Amino acid sequence: MSFPQGFLWGGATAANQFEGGWNEGGKGPSGADMMTNGTHTNPRLITTTWEDGLYYPNHVASDFYHHHTEDIALMGEMGFKVFRMSINWTRIFPTGEETEPNEEGLAFYDTVFDELHAQGIEPLVTISHYELPFALTQKYNGWADRRLIDLYLRYCETIFTRYRDKVTYWLTFNEINCGMMQLGNFMGLGILNEGTRDFTNQVDDPQLRIQGLHHQFVASARAVQLGHRINPNFKIGCMIAYMTFYPLTCNPADIVACQQQMDELNNYCADVQVRGAYPYYAERVWKRWGVDAPQMEPGDKDELARGTVDFYSFSYYQSNCVSTDPAQAQSSGNLIGGAKNPYLKASDWGWQIDPDGLRYTLNEIYGRYQIPVMVVENGLGAFDTLERADDGAPVIHDPYRIDYLRQHIKAMEAAVEDGVDLMGYTMWGCIDLVSASTGEMGKRYGFVYVDADDRSQGSFERYRKDSFYWYQQVIATNGENLA
Ligand code: BG6
(Lines give C-alpha, C1' and ligand atoms only; values in the text may rest on other atoms or scores of the structure.)
Protein backbone atom coordinates (compact mmCIF):
# COMPACT_ATOMS: atom_id res chain seq x y z
CA MET A 1 0.00 0.00 0.00
CA SER A 2 1.53 3.32 -1.07
CA PHE A 3 -0.41 5.89 0.90
CA PRO A 4 0.71 6.01 4.53
CA GLN A 5 -1.62 5.01 7.34
CA GLY A 6 -3.45 8.07 8.59
CA PHE A 7 -3.28 9.75 5.19
CA LEU A 8 -5.61 12.76 5.29
CA TRP A 9 -8.18 12.24 2.54
CA GLY A 10 -10.83 14.91 2.19
CA GLY A 11 -12.13 17.96 0.40
CA ALA A 12 -11.63 21.71 0.39
CA THR A 13 -13.72 24.89 0.25
CA ALA A 14 -13.41 28.57 1.12
CA ALA A 15 -15.98 30.51 3.13
CA ASN A 16 -16.51 33.24 0.55
CA GLN A 17 -17.25 30.73 -2.23
CA PHE A 18 -19.27 28.27 -0.18
CA GLU A 19 -20.87 29.77 2.88
CA GLY A 20 -23.25 32.48 1.70
CA GLY A 21 -25.19 34.18 4.51
CA TRP A 22 -23.05 37.17 3.57
CA ASN A 23 -24.92 39.68 5.74
CA GLU A 24 -26.28 37.35 8.41
CA GLY A 25 -25.10 36.73 11.95
CA GLY A 26 -23.36 40.09 12.19
CA LYS A 27 -21.04 39.42 9.26
CA GLY A 28 -19.51 42.37 7.40
CA PRO A 29 -18.72 42.53 3.66
CA SER A 30 -15.48 41.03 2.42
CA GLY A 31 -13.73 41.69 -0.87
CA ALA A 32 -15.44 38.69 -2.46
CA ASP A 33 -18.84 40.23 -1.66
CA MET A 34 -17.95 43.13 -3.96
CA MET A 35 -17.39 40.95 -7.02
CA THR A 36 -19.98 40.30 -9.73
CA ASN A 37 -20.47 37.10 -11.66
CA GLY A 38 -18.64 36.55 -14.95
CA THR A 39 -17.67 33.80 -17.35
CA HIS A 40 -14.50 32.43 -18.90
CA THR A 41 -14.64 35.20 -21.52
CA ASN A 42 -16.54 37.92 -19.67
CA PRO A 43 -14.61 39.09 -16.58
CA ARG A 44 -15.98 39.62 -13.09
CA LEU A 45 -16.19 43.24 -11.97
CA ILE A 46 -15.06 44.69 -8.66
CA THR A 47 -17.43 47.42 -7.47
CA THR A 48 -17.20 49.59 -4.36
CA THR A 49 -20.96 49.47 -3.76
CA TRP A 50 -23.60 46.98 -4.88
CA GLU A 51 -24.80 48.27 -8.23
CA ASP A 52 -28.29 47.72 -9.57
CA GLY A 53 -28.45 45.28 -12.45
CA LEU A 54 -25.26 43.47 -11.41
CA TYR A 55 -25.19 40.14 -9.59
CA TYR A 56 -22.93 39.20 -6.66
CA PRO A 57 -22.82 35.38 -6.50
CA ASN A 58 -20.73 35.04 -3.32
CA HIS A 59 -23.58 36.51 -1.28
CA VAL A 60 -25.53 33.26 -1.46
CA ALA A 61 -22.84 30.89 -2.77
CA SER A 62 -23.77 27.28 -1.87
CA ASP A 63 -25.50 28.40 1.32
CA PHE A 64 -23.39 26.20 3.59
CA TYR A 65 -24.35 28.71 6.29
CA HIS A 66 -27.79 27.10 6.37
CA HIS A 67 -26.84 23.62 5.08
CA HIS A 68 -23.78 22.81 7.18
CA THR A 69 -25.31 19.89 9.08
CA GLU A 70 -26.38 18.15 5.89
CA ASP A 71 -23.13 18.96 4.10
CA ILE A 72 -20.94 17.66 6.89
CA ALA A 73 -23.04 14.49 7.05
CA LEU A 74 -22.33 13.98 3.33
CA MET A 75 -18.61 14.42 3.98
CA GLY A 76 -18.89 11.87 6.76
CA GLU A 77 -20.65 9.48 4.40
CA MET A 78 -17.77 9.77 1.94
CA GLY A 79 -15.39 8.95 4.78
CA PHE A 80 -13.51 12.26 4.87
CA LYS A 81 -10.66 12.36 7.34
CA VAL A 82 -10.15 16.09 6.89
CA PHE A 83 -12.15 19.06 5.68
CA ARG A 84 -10.33 22.17 4.51
CA MET A 85 -12.41 25.30 5.03
CA SER A 86 -11.73 28.91 5.79
CA ILE A 87 -12.99 31.13 8.54
CA ASN A 88 -14.56 34.24 7.10
CA TRP A 89 -12.62 37.07 8.75
CA THR A 90 -15.67 39.37 8.46
CA ARG A 91 -17.80 36.94 10.46
CA ILE A 92 -15.41 37.44 13.37
CA PHE A 93 -14.38 41.08 12.83
CA PRO A 94 -16.91 42.67 10.42
CA THR A 95 -14.71 45.63 9.50
CA GLY A 96 -11.43 44.08 10.65
CA GLU A 97 -10.94 46.80 13.28
CA GLU A 98 -13.36 45.98 16.12
CA THR A 99 -11.72 45.44 19.48
CA GLU A 100 -14.19 42.69 20.42
CA PRO A 101 -15.00 39.75 18.13
CA ASN A 102 -18.52 38.97 16.94
CA GLU A 103 -19.73 36.16 19.22
CA GLU A 104 -22.33 34.95 16.74
CA GLY A 105 -19.64 34.37 14.15
CA LEU A 106 -17.42 32.51 16.62
CA ALA A 107 -20.36 30.36 17.71
CA PHE A 108 -21.10 29.44 14.08
CA TYR A 109 -17.64 27.94 13.64
CA ASP A 110 -17.89 26.18 17.01
CA THR A 111 -20.93 24.39 15.64
CA VAL A 112 -19.17 23.54 12.38
CA PHE A 113 -16.10 22.14 14.16
CA ASP A 114 -18.25 20.14 16.58
CA GLU A 115 -20.22 18.65 13.70
CA LEU A 116 -17.00 17.76 11.90
CA HIS A 117 -15.53 16.04 14.96
CA ALA A 118 -18.78 14.14 15.47
CA GLN A 119 -18.18 12.68 11.98
CA GLY A 120 -14.54 11.90 12.76
CA ILE A 121 -13.35 14.70 10.45
CA GLU A 122 -10.40 16.92 11.30
CA PRO A 123 -10.78 20.57 10.28
CA LEU A 124 -7.97 22.22 8.32
CA VAL A 125 -8.54 25.96 8.53
CA THR A 126 -7.34 28.63 6.12
CA ILE A 127 -7.17 31.83 8.13
CA SER A 128 -7.39 34.14 5.12
CA HIS A 129 -8.76 32.88 1.80
CA TYR A 130 -9.51 35.84 -0.51
CA GLU A 131 -11.94 37.35 2.00
CA LEU A 132 -10.29 40.40 3.53
CA PRO A 133 -12.76 42.76 5.24
CA PHE A 134 -13.66 45.22 2.48
CA ALA A 135 -13.48 48.05 5.03
CA LEU A 136 -9.72 47.41 5.23
CA THR A 137 -9.42 47.80 1.47
CA GLN A 138 -11.30 51.08 1.60
CA LYS A 139 -9.43 52.52 4.58
CA TYR A 140 -5.90 51.18 4.08
CA ASN A 141 -5.77 49.82 0.51
CA GLY A 142 -5.46 46.38 2.06
CA TRP A 143 -2.10 44.80 2.74
CA ALA A 144 -0.26 47.75 1.18
CA ASP A 145 -0.51 49.19 4.70
CA ARG A 146 1.62 47.77 7.49
CA ARG A 147 -1.19 48.23 10.05
CA LEU A 148 -2.85 45.16 8.56
CA ILE A 149 -0.28 42.99 10.35
CA ASP A 150 -1.61 43.81 13.81
CA LEU A 151 -5.23 43.54 12.71
CA TYR A 152 -4.54 40.09 11.25
CA LEU A 153 -2.80 39.01 14.45
CA ARG A 154 -5.71 40.12 16.59
CA TYR A 155 -7.93 37.96 14.41
CA CYS A 156 -5.47 35.04 14.66
CA GLU A 157 -5.22 35.32 18.42
CA THR A 158 -9.01 35.27 18.70
CA ILE A 159 -9.49 32.13 16.63
CA PHE A 160 -6.37 30.31 17.88
CA THR A 161 -7.56 30.79 21.46
CA ARG A 162 -11.20 30.00 20.84
CA TYR A 163 -10.54 26.86 18.77
CA ARG A 164 -7.39 25.77 20.60
CA ASP A 165 -8.79 22.30 21.23
CA LYS A 166 -10.90 21.95 18.08
CA VAL A 167 -8.46 22.75 15.27
CA THR A 168 -4.92 21.46 14.84
CA TYR A 169 -4.15 22.25 11.17
CA TRP A 170 -3.97 25.88 10.00
CA LEU A 171 -2.88 27.72 6.85
CA THR A 172 -1.92 31.37 7.25
CA PHE A 173 -2.79 32.69 3.75
CA ASN A 174 -4.39 30.96 0.80
CA GLU A 175 -2.20 31.05 -2.32
CA ILE A 176 0.00 33.79 -0.93
CA ASN A 177 1.98 33.90 -4.18
CA CYS A 178 -1.11 35.15 -5.99
CA GLY A 179 0.30 38.55 -4.93
CA MET A 180 3.13 37.99 -7.42
CA MET A 181 0.59 38.46 -10.23
CA GLN A 182 -1.46 41.45 -11.30
CA LEU A 183 -4.62 39.44 -10.61
CA GLY A 184 -3.57 39.09 -6.99
CA ASN A 185 -3.89 42.80 -6.23
CA PHE A 186 -7.46 42.61 -5.02
CA MET A 187 -7.96 38.90 -4.41
CA GLY A 188 -4.84 38.16 -2.38
CA LEU A 189 -3.75 41.55 -1.10
CA GLY A 190 -7.00 43.51 -0.89
CA ILE A 191 -5.35 46.27 -2.94
CA LEU A 192 -7.79 48.23 -5.10
CA ASN A 193 -6.03 50.94 -7.06
CA GLU A 194 -7.98 53.88 -8.46
CA GLY A 195 -9.56 52.96 -11.78
CA THR A 196 -9.80 49.19 -11.25
CA ARG A 197 -13.09 47.61 -12.22
CA ASP A 198 -12.22 44.58 -14.30
CA PHE A 199 -10.96 41.70 -12.14
CA THR A 200 -8.76 40.30 -14.93
CA ASN A 201 -7.24 43.67 -15.79
CA GLN A 202 -6.56 45.50 -12.54
CA VAL A 203 -4.67 48.77 -12.24
CA ASP A 204 -1.33 47.55 -11.03
CA ASP A 205 1.42 49.02 -8.87
CA PRO A 206 4.03 46.26 -8.48
CA GLN A 207 5.81 48.19 -5.74
CA LEU A 208 2.66 48.02 -3.61
CA ARG A 209 2.36 44.29 -4.23
CA ILE A 210 5.96 43.64 -3.16
CA GLN A 211 5.33 45.71 -0.04
CA GLY A 212 1.96 44.04 0.64
CA LEU A 213 3.56 40.62 0.35
CA HIS A 214 6.25 41.62 2.83
CA HIS A 215 3.53 42.55 5.30
CA GLN A 216 1.87 39.19 4.73
CA PHE A 217 5.19 37.36 5.26
CA VAL A 218 5.74 39.12 8.58
CA ALA A 219 2.10 38.53 9.58
CA SER A 220 2.38 34.84 8.69
CA ALA A 221 5.64 34.42 10.61
CA ARG A 222 4.22 36.10 13.68
CA ALA A 223 1.04 34.01 13.42
CA VAL A 224 3.09 30.79 13.34
CA GLN A 225 4.91 31.80 16.53
CA LEU A 226 1.70 32.93 18.21
CA GLY A 227 -0.11 29.72 17.28
CA HIS A 228 2.69 27.57 18.65
CA ARG A 229 2.61 29.52 21.92
CA ILE A 230 -1.16 29.05 22.24
CA ASN A 231 -1.01 25.35 21.41
CA PRO A 232 2.37 23.68 20.76
CA ASN A 233 0.54 20.90 18.89
CA PHE A 234 -0.71 23.25 16.18
CA LYS A 235 0.56 22.43 12.69
CA ILE A 236 0.68 25.64 10.69
CA GLY A 237 1.42 25.63 6.98
CA CYS A 238 1.95 27.91 4.03
CA MET A 239 -0.27 27.61 0.96
CA ILE A 240 1.10 28.21 -2.52
CA ALA A 241 -0.76 28.27 -5.85
CA TYR A 242 1.78 26.04 -7.52
CA MET A 243 2.29 27.15 -11.09
CA THR A 244 4.16 24.33 -12.74
CA PHE A 245 6.10 25.48 -15.79
CA TYR A 246 8.12 23.55 -18.36
CA PRO A 247 10.47 25.05 -20.92
CA LEU A 248 8.65 24.82 -24.27
CA THR A 249 11.85 23.72 -26.01
CA CYS A 250 15.37 22.62 -25.03
CA ASN A 251 16.69 25.96 -26.20
CA PRO A 252 18.86 26.96 -23.20
CA ALA A 253 17.23 30.40 -23.25
CA ASP A 254 13.86 28.72 -22.60
CA ILE A 255 15.37 26.64 -19.78
CA VAL A 256 16.72 29.70 -17.99
CA ALA A 257 13.50 31.66 -18.54
CA CYS A 258 11.51 28.78 -17.10
CA GLN A 259 13.75 28.48 -14.05
CA GLN A 260 13.41 32.19 -13.38
CA GLN A 261 9.65 32.06 -13.74
CA MET A 262 9.37 29.15 -11.27
CA ASP A 263 11.55 31.11 -8.82
CA GLU A 264 9.49 34.23 -9.21
CA LEU A 265 6.00 32.78 -9.15
CA ASN A 266 6.39 29.81 -6.80
CA ASN A 267 9.59 29.93 -4.79
CA TYR A 268 9.86 33.60 -3.86
CA CYS A 269 7.03 33.34 -1.34
CA ALA A 270 7.63 29.77 -0.21
CA ASP A 271 11.34 30.35 0.38
CA VAL A 272 10.49 33.12 2.82
CA GLN A 273 7.82 31.11 4.61
CA VAL A 274 9.68 27.80 4.75
CA ARG A 275 13.30 28.91 4.99
CA GLY A 276 12.68 32.11 6.92
CA ALA A 277 14.52 34.59 4.69
CA TYR A 278 14.28 36.24 1.29
CA PRO A 279 16.05 34.12 -1.32
CA TYR A 280 19.26 35.21 -3.08
CA TYR A 281 17.37 35.87 -6.34
CA ALA A 282 14.89 38.30 -4.74
CA GLU A 283 16.96 41.25 -5.92
CA ARG A 284 16.83 39.91 -9.46
CA VAL A 285 13.03 39.83 -9.23
CA TRP A 286 12.80 43.38 -7.87
CA LYS A 287 15.15 44.60 -10.59
CA ARG A 288 13.17 42.88 -13.33
CA TRP A 289 9.96 44.41 -12.00
CA GLY A 290 11.61 47.82 -11.74
CA VAL A 291 10.78 48.13 -8.04
CA ASP A 292 12.73 48.78 -4.85
CA ALA A 293 13.24 46.20 -2.13
CA PRO A 294 10.28 46.25 0.29
CA GLN A 295 10.62 48.54 3.26
CA MET A 296 11.38 46.55 6.38
CA GLU A 297 11.36 47.47 10.02
CA PRO A 298 14.09 46.40 12.42
CA GLY A 299 13.14 42.99 13.69
CA ASP A 300 11.31 41.87 10.53
CA LYS A 301 14.14 39.59 9.44
CA ASP A 302 14.24 37.93 12.86
CA GLU A 303 10.47 37.42 12.78
CA LEU A 304 10.71 35.75 9.37
CA ALA A 305 13.47 33.47 10.63
CA ARG A 306 11.56 32.49 13.77
CA GLY A 307 8.16 31.96 12.12
CA THR A 308 8.84 29.26 9.57
CA VAL A 309 5.96 26.94 8.72
CA ASP A 310 5.52 23.31 9.79
CA PHE A 311 4.38 22.04 6.41
CA TYR A 312 4.01 23.10 2.80
CA SER A 313 0.59 22.98 1.19
CA PHE A 314 -0.34 23.92 -2.33
CA SER A 315 -2.98 23.93 -5.04
CA TYR A 316 -2.37 22.14 -8.31
CA TYR A 317 -4.66 22.21 -11.33
CA GLN A 318 -2.58 22.55 -14.47
CA SER A 319 0.80 23.22 -16.01
CA ASN A 320 2.05 25.66 -18.63
CA CYS A 321 5.11 26.16 -20.78
CA VAL A 322 7.57 29.01 -20.95
CA SER A 323 8.96 30.23 -24.23
CA THR A 324 11.27 33.07 -25.13
CA ASP A 325 9.62 33.17 -28.55
CA PRO A 326 7.05 35.99 -28.37
CA ALA A 327 4.80 34.18 -30.86
CA GLN A 328 4.48 31.25 -28.42
CA ALA A 329 4.70 32.98 -25.06
CA GLN A 330 0.99 33.52 -24.38
CA SER A 331 -0.59 30.91 -26.63
CA SER A 332 -2.47 29.04 -23.93
CA GLY A 333 -5.80 30.44 -22.83
CA ASN A 334 -5.31 29.73 -19.16
CA LEU A 335 -5.83 32.25 -16.42
CA ILE A 336 -2.25 31.61 -15.47
CA GLY A 337 -0.91 32.26 -18.95
CA GLY A 338 1.89 30.56 -20.77
CA ALA A 339 2.75 28.74 -23.93
CA LYS A 340 0.49 25.90 -24.95
CA ASN A 341 1.79 22.41 -24.33
CA PRO A 342 1.15 20.26 -27.43
CA TYR A 343 1.04 17.07 -25.33
CA LEU A 344 -1.79 18.12 -23.04
CA LYS A 345 -5.54 18.52 -23.32
CA ALA A 346 -7.35 21.38 -21.61
CA SER A 347 -10.55 21.71 -19.59
CA ASP A 348 -13.53 23.71 -20.89
CA TRP A 349 -11.97 26.71 -19.15
CA GLY A 350 -8.64 26.24 -20.94
CA TRP A 351 -6.72 24.79 -17.96
CA GLN A 352 -4.25 22.20 -19.29
CA ILE A 353 -4.66 18.85 -17.55
CA ASP A 354 -1.36 17.31 -16.45
CA PRO A 355 -1.32 14.53 -13.82
CA ASP A 356 2.38 13.72 -14.37
CA GLY A 357 3.03 17.35 -13.55
CA LEU A 358 1.72 16.68 -10.06
CA ARG A 359 4.33 13.97 -9.46
CA TYR A 360 7.00 16.31 -10.83
CA THR A 361 5.74 19.16 -8.63
CA LEU A 362 5.63 17.06 -5.47
CA ASN A 363 9.23 16.01 -6.04
CA GLU A 364 10.30 19.59 -6.76
CA ILE A 365 8.73 20.85 -3.55
CA TYR A 366 9.90 18.06 -1.28
CA GLY A 367 13.37 18.07 -2.81
CA ARG A 368 13.67 21.78 -2.13
CA TYR A 369 12.28 21.97 1.40
CA GLN A 370 12.27 18.50 3.01
CA ILE A 371 9.19 19.22 5.13
CA PRO A 372 5.82 17.41 4.95
CA VAL A 373 3.75 18.36 1.93
CA MET A 374 0.01 18.41 1.39
CA VAL A 375 -2.08 18.85 -1.75
CA VAL A 376 -4.90 21.06 -0.49
CA GLU A 377 -6.53 21.85 -3.83
CA ASN A 378 -6.85 19.84 -7.02
CA GLY A 379 -9.84 19.02 -9.19
CA LEU A 380 -11.69 19.56 -12.40
CA GLY A 381 -14.09 22.44 -12.97
CA ALA A 382 -16.63 21.13 -15.49
CA PHE A 383 -20.21 21.49 -16.68
CA ASP A 384 -22.37 18.74 -15.14
CA THR A 385 -25.78 17.60 -16.29
CA LEU A 386 -28.46 16.81 -13.76
CA GLU A 387 -30.55 13.92 -15.07
CA ARG A 388 -33.42 11.86 -13.69
CA ALA A 389 -33.41 8.08 -13.36
CA ASP A 390 -36.52 6.10 -14.30
CA ASP A 391 -37.76 6.39 -10.75
CA GLY A 392 -37.23 10.16 -10.82
CA ALA A 393 -34.14 10.10 -8.62
CA PRO A 394 -31.52 12.76 -9.50
CA VAL A 395 -28.34 11.39 -11.10
CA ILE A 396 -25.17 13.11 -12.25
CA HIS A 397 -22.78 11.03 -14.33
CA ASP A 398 -19.33 12.62 -14.16
CA PRO A 399 -16.81 10.10 -15.55
CA TYR A 400 -14.58 12.99 -16.72
CA ARG A 401 -14.13 14.08 -13.09
CA ILE A 402 -13.42 10.56 -11.88
CA ASP A 403 -10.87 10.16 -14.63
CA TYR A 404 -9.13 13.44 -13.76
CA LEU A 405 -8.98 12.59 -10.06
CA ARG A 406 -7.89 9.00 -10.63
CA GLN A 407 -4.93 10.13 -12.70
CA HIS A 408 -3.90 12.74 -10.17
CA ILE A 409 -4.18 10.31 -7.26
CA LYS A 410 -2.02 7.84 -9.21
CA ALA A 411 0.53 10.62 -9.67
CA MET A 412 0.52 11.24 -5.90
CA GLU A 413 0.98 7.54 -5.31
CA ALA A 414 4.02 7.57 -7.58
CA ALA A 415 5.42 10.57 -5.69
CA VAL A 416 4.95 8.76 -2.38
CA GLU A 417 6.84 5.82 -3.86
CA ASP A 418 9.52 8.32 -4.94
CA GLY A 419 9.87 9.12 -1.23
CA VAL A 420 7.87 12.33 -0.88
CA ASP A 421 6.45 12.84 2.63
CA LEU A 422 2.84 13.51 1.60
CA MET A 423 0.37 14.19 4.42
CA GLY A 424 -2.92 14.33 2.61
CA TYR A 425 -5.15 15.40 -0.22
CA THR A 426 -8.19 17.67 -0.18
CA MET A 427 -10.04 17.80 -3.48
CA TRP A 428 -11.14 21.35 -4.30
CA GLY A 429 -14.81 22.26 -4.18
CA CYS A 430 -15.91 18.89 -2.81
CA ILE A 431 -19.46 20.24 -2.74
CA ASP A 432 -20.19 22.56 -5.70
CA LEU A 433 -19.35 26.19 -5.04
CA VAL A 434 -18.82 29.54 -6.77
CA SER A 435 -15.73 29.79 -8.95
CA ALA A 436 -13.14 32.29 -7.74
CA SER A 437 -11.95 33.37 -11.16
CA THR A 438 -15.27 33.58 -13.00
CA GLY A 439 -17.94 33.71 -10.28
CA GLU A 440 -19.86 30.91 -11.97
CA MET A 441 -21.73 28.19 -10.14
CA GLY A 442 -21.79 26.27 -13.43
CA LYS A 443 -18.06 25.59 -13.19
CA ARG A 444 -18.57 22.62 -10.92
CA TYR A 445 -15.90 20.71 -9.01
CA GLY A 446 -17.91 18.75 -6.48
CA PHE A 447 -18.65 15.17 -5.55
CA VAL A 448 -21.97 16.67 -4.50
CA TYR A 449 -24.16 18.66 -6.87
CA VAL A 450 -25.78 21.82 -5.51
CA ASP A 451 -29.00 22.63 -7.31
CA ALA A 452 -28.37 26.32 -7.99
CA ASP A 453 -27.39 28.27 -11.10
CA ASP A 454 -25.07 31.21 -11.76
CA ARG A 455 -27.66 33.60 -10.33
CA SER A 456 -28.35 31.49 -7.25
CA GLN A 457 -31.67 30.26 -8.58
CA GLY A 458 -32.59 26.71 -7.59
CA SER A 459 -33.67 24.50 -4.71
CA PHE A 460 -30.15 24.27 -3.18
CA GLU A 461 -30.78 20.59 -2.67
CA ARG A 462 -27.68 18.41 -2.57
CA TYR A 463 -27.36 15.39 -4.91
CA ARG A 464 -24.62 12.76 -4.92
CA LYS A 465 -22.73 12.52 -8.22
CA ASP A 466 -21.18 9.24 -9.46
CA SER A 467 -17.83 10.57 -8.24
CA PHE A 468 -19.25 10.68 -4.70
CA TYR A 469 -19.43 6.87 -4.55
CA TRP A 470 -16.11 6.53 -6.32
CA TYR A 471 -14.28 8.76 -3.80
CA GLN A 472 -15.97 6.93 -0.92
CA GLN A 473 -14.31 3.76 -2.13
CA VAL A 474 -10.95 5.46 -2.69
CA ILE A 475 -10.93 6.62 0.92
CA ALA A 476 -12.20 3.30 2.30
CA THR A 477 -9.29 1.50 0.63
CA ASN A 478 -6.73 4.25 1.43
CA GLY A 479 -6.22 4.88 -2.27
CA GLU A 480 -5.87 1.19 -3.26
CA ASN A 481 -9.05 0.93 -5.28
CA LEU A 482 -9.17 3.63 -7.95
CA ALA A 483 -11.30 1.66 -10.40
C1 BG6 B 1 -7.60 28.40 -6.34
C2 BG6 B 1 -8.30 29.09 -5.22
O3 BG6 B 1 -6.90 29.34 -7.06
O4 BG6 B 1 -8.32 27.78 -7.33
C5 BG6 B 1 -9.77 28.76 -5.07
O6 BG6 B 1 -7.65 28.93 -3.99
C7 BG6 B 1 -10.38 28.58 -6.44
O8 BG6 B 1 -10.37 29.77 -4.30
C9 BG6 B 1 -9.68 27.42 -7.14
O10 BG6 B 1 -11.75 28.40 -6.43
C11 BG6 B 1 -10.25 27.05 -8.49
O12 BG6 B 1 -10.32 28.15 -9.32
P13 BG6 B 1 -11.69 28.59 -9.99
O14 BG6 B 1 -11.38 29.87 -10.62
O15 BG6 B 1 -12.04 27.52 -10.94
O16 BG6 B 1 -12.67 28.72 -8.90
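What follows is a walk through one protein model, from its ligand site to its empty spaces and then to a handful of single residues. Keep in mind that the model is predicted.

Let's start with the ligand. There are 13 residues around it, and Gln 17, Glu 175, Ser 437, Lys 443 and Tyr 445 are the ones that come nearest. Sorted by class, this shell has 5 nonpolar, 5 polar and 3 charged residues. If you zoom in on side chains, you can pick out several short distances to ligand oxygens. An N or O atom in the side chain of Gln 17 sits 2.7 Å from an oxygen atom of the ligand. For Lys 443, a polar side-chain atom is likewise 2.7 Å from a ligand oxygen. His 129 joins in too, with an N or O atom of its side chain 2.9 Å from an oxygen atom of the ligand. How much of the ligand's accessible area does the protein cover? On its own the ligand has 380 Å² of accessible area, and the protein covers 93% of that.

Now for the empty spaces. Rolling a probe the size of a water molecule over the atoms shows where empty space is left. In this model the count comes to 7 cavities of 30 Å³ or more. Take the second largest cavity, which holds about 210 Å³ of space. Its lining is made of 23 residues, with Tyr 130, Glu 131, Phe 186, Met 187 and Gly 188 nearest the centre. Which helices supply at least two residues each to this lining? Helix H1 (15-18) and helix H7 (184-189) both do, and H7 gives the most, with 4 residues. By class, the lining of the second largest cavity has 11 nonpolar, 9 polar and 3 charged residues.

Pockets are the open counterpart, since a probe in a cavity cannot get out whereas a pocket is an open set of points. The second largest pocket has a volume of about 260 Å³. It is lined by 14 residues, and those lying nearest its centre are Ala 346, Ile 353, Leu 380, Tyr 400 and Tyr 404. Helix H14 (residues 399-418) gives the most to this lining, with 4 residues. The split by class for the second largest pocket is 8 nonpolar, 3 polar and 3 charged.

With the spaces mapped, we can turn to single residues, beginning with the stretch between H1 and helix H2 (64-78). Thr 47 lies in this loop, and so does Ala 61. Is Thr 47 buried or exposed? Thr 47 counts as buried because its relative accessibility is 1%, and the cut-off for buried is under 20%. Its side chain makes a polar contact with the side chain of Tyr 56, at 2.7 Å. Ala 61 is buried as well, with a relative accessible area of 2%. Have a look at the backbone of Ala 61, too: phi is near 45°, a positive value in a residue other than glycine.

Another positive phi turns up at Asn 141, where the angle is near 55°, again in a residue other than glycine. You'll find Asn 141 in the loop between helix H5 (134-140) and helix H6 (148-162). Its relative accessibility is 19%, so Asn 141 counts as buried.

Back along the chain, Ser 128 is in the loop between strand E3 (122-126) and H5. At 9% relative accessibility, Ser 128 counts as buried. Ser 128 and Ile 176 are 48 residues apart along the chain, with 9.6 Å between their C-alpha atoms.

Further on, Ala 270 is part of helix H9 (residues 252-275). Ala 270 has 0% relative accessibility and therefore counts as buried. Its C-alpha atom is 16 Å from that of Gly 184, which is 86 residues away along the chain.

The last stop is Asp 310, in the loop between helix H11 (300-306) and strand E7 (311-315). What does its relative accessibility make of Asp 310? The value is 25%, so Asp 310 counts as partly exposed. Measuring across the model from C-alpha to C-alpha, Asp 310 and His 408 are 24 Å apart in space and 98 residues apart in sequence.

Technical notes: Residues numbered from 1 in each chain as written. Predicted model: local features only at pLDDT ≥ 70, side-chain atom pairs only at ≥ 80, totals over all residues. Heavy atoms only, no water. 1 Å grid on protein atoms, 1.4 Å probe; cavity = no way out; pocket = protein on both sides within 12 Å on 5 of 7 lines; lining within 4 Å. Points joined across faces, edges and corners; volume = space filled by probe spheres on them. Nonpolar A, V, L, I, M, F, W, Y, C, P; charged D, E, K, R; others polar. Near = heavy atom within 4 Å. Polar contact = N/O pair within 3.5 Å; in protein donor to acceptor, adjacent residues only side chain to side chain. Areas by Shrake-Rupley, 256 points an atom, 1.4 Å probe, with all protein chains shown as cover. Buried < 20%, exposed > 50% of the residue type's maximum accessible area, 1.4 Å probe, protein only.
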